[in-house]
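Visitor: I should be grateful for a close look at one part of this model, namely its nonpolar interior. Please begin with burial and proceed to the residues concerned.

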Amino acid sequence: MTSAWPAPSVVAVSVLQVLGVVVGGPLLVGLMRKVRCRLEGRVGPPVHQPLLDLRKLARRERTRPDRASWIFSVVPVVLVATTLVIALVAPLLSTDPAFGWSADLFALIYLMLIGSVVLALGALDTGTAFGGMGASRAMTIGALSEPALLVAVLALSIPAHSSNVPTIVARSLAHPAWLATPQRLLSLVAFLIVIVAESGRLPVDNPSTHLELTMIHEAMILEYAGADLALIKLGESMRLIVLLALFADLFVPWGIATAPGVGHVVVGVVAIGAKVAALGVALAAFEVAVAKLRLFRVPELLAGAFVLAVLAVISALVVP
Amino acid sequence: MQEAAGRNRGSLQLRHVDAGSCNGCELEITSMSSPVYDVERFGIRLEASPRHVDGLLVTGPVTRNMADPLRRTFEAVPQPRVVVAVGDCALDCGVFAGAYGVQGSVCDVMPVDLAIPGCPPHPATIISALRGLAGT
Ligand code: SF4
């Protein structure tokens, strides 16, 4: 533990962050589905439906394609494990989490990318046509969104003189004027586009499609069953909530616990819950309003995000 | 049925297979997810991959060309699995009984756990039968 907080607070914050991500992820997905259904004029499944699905899947048979190797079986575990590490070290509830020194923005982004890469490897490992197609599409999009994300992050770390997320969050809280600078706003938009692309949502990918030919993310997990599928679904929802929580921390940090104490932590939990829920509702409402982009138009969207990120860096250097 | 309901407890995913139907049953299945019937509120969804589901939703008589794909889809579903036969054709070949391209009804090819009669069955009939499986 390298946190300056007393040990009990650090342990409590770590447990809350990890539990919040594990339980909150599926609930966030359920909430977004509910919003979507309501906007379409339907009642929709209950918000905790993803948890019911996970409980059922966890007890079903796991199947493995004939030609798949051990890679196929480790993918779900790696996906969940990398996200759990992010949930533990990132400053989701407090500006001084356990192992906060390791919560470097670049490290977190590459931890996230490990998840994407192993998913693609698992899809290739199945040896099916759709697995390979999904993997190649996902990697194409990943290769374009990764530079945009990295450059957007660079713009955030320039004024804070650090790429450590807790430091960036703490310094932005100390200088609220930073949050309205051009570089912040530009990288905010770039960040949002990348979140949509990385979490496989409209207009880049349609998570509820049934047509294999239009699938990107879904095509990669077609062969998983039972507990493996449950882990993958859990991992995906955890990635979504972690991305949204990081976004909330970097761009609207108010409410995060800056000092130890029950009161601060409770405010932190409520604040991050409200921010993530609001972002999820906004994302779901946006999804109802847009159509999926043609695959060949996606690079244009991501190139736009990259340009915004570059502009953010330039303005961070020019307008300190 | 009881056993499946206890197993699923509010979450049921099915893969729809058209084994040779006239598409009348498909229209009713599609309208199950319209705002009027909204089957998703009971935790019942149709999914794309047989690996992700608890069973099959089969419509139509089993034609010679579809018998093998249907059997292979059935084998791709992880255990324990259920088969729901929708429509008179799936139960006893209906109006297509004796036609040259028809191999038989669904129960000639695989064990059927739940049969929903009707030509085509009403969406509300299908939903109430499926709710029994889902335990909702
Ligand atoms: S049961 Fe009736 S509606 Fe359904 S496939 Fe047969 S003929 Fe068509």
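Guide: In this predicted model, 53% of the 320 residues of chain A count as buried, a class defined by a relative accessible area under 20%. In soluble globular proteins, nonpolar side chains tend to be buried together. The largest nonpolar core here comprises 89 residues, and the members touching the most others are A:Leu108, A:Phe191 and A:Leu250. The greatest contribution to this core comes from helix H9 of chain A, residues 226-251, which supplies 16 residues.

A:Leu108 merits a closer view. Once neighbours within four places in sequence are set aside, A:Leu108 is in contact with A:Ile86, A:Val89, A:Ala90, A:Ala103, A:Val165 and A:Leu246. Separate from the largest core is a second one of 20 residues, among them B:Ala4, B:Ile29, B:Leu57 and B:Leu130.

The setting of the interior is as follows. Chain A contains 11 helices and 0 strands. Among its contacts with a separation of 6 or more, 78% join residues 24 or more positions apart. The radius of gyration of chain A is 19 Å, which agrees with the value near 20 Å that a compact globule of 320 residues would have. The C-alpha trace of chain A spans about 55 × 45 × 45 Å along its principal axes.

As for the outside, chain A exposes about 13,000 Å², of which 73% is supplied by carbon and sulfur atoms. Its charged side chains number 22 positive and 18 negative, with the centres of the two sets 6 Å apart.

Definitions and conventions: Residues are numbered from 1 along each chain as its sequence is written. Chains are lettered from A and ligands numbered from 1 in the order in which they are written. This is a predicted model: local features need pLDDT of at least 70, side-chain atom pairs count only at pLDDT 80 or more; totals for chains, interfaces and linings use all residues. Side-chain values use heavy atoms; hydrogens and water are left out. Helices (H or I, at least four residues) and strands (E, at least two) are DSSP runs, numbered from the N terminus. The radius of gyration is taken over C-alpha atoms; the globule rule is 2.2 Å times the number of residues to the power 0.38. Buried means under 20% relative accessible area, exposed over 50%, partly exposed in between (1.4 Å probe, protein chains only). Contact means heavy atoms within 4.5 Å. Accessible areas come from the Shrake-Rupley method with a 1.4 Å probe; for residues, only the protein chains shown count as cover. Lys and Arg count as positive and Asp and Glu as negative; His and the chain ends are not counted. The place of a charge is taken as NZ of Lys, CZ of Arg, CG of Asp or CD of Glu. A nonpolar core is a set of buried Ala, Val, Leu, Ile, Met, Phe, Trp, Tyr and Cys residues joined through side-chain atoms within 4.5 Å.
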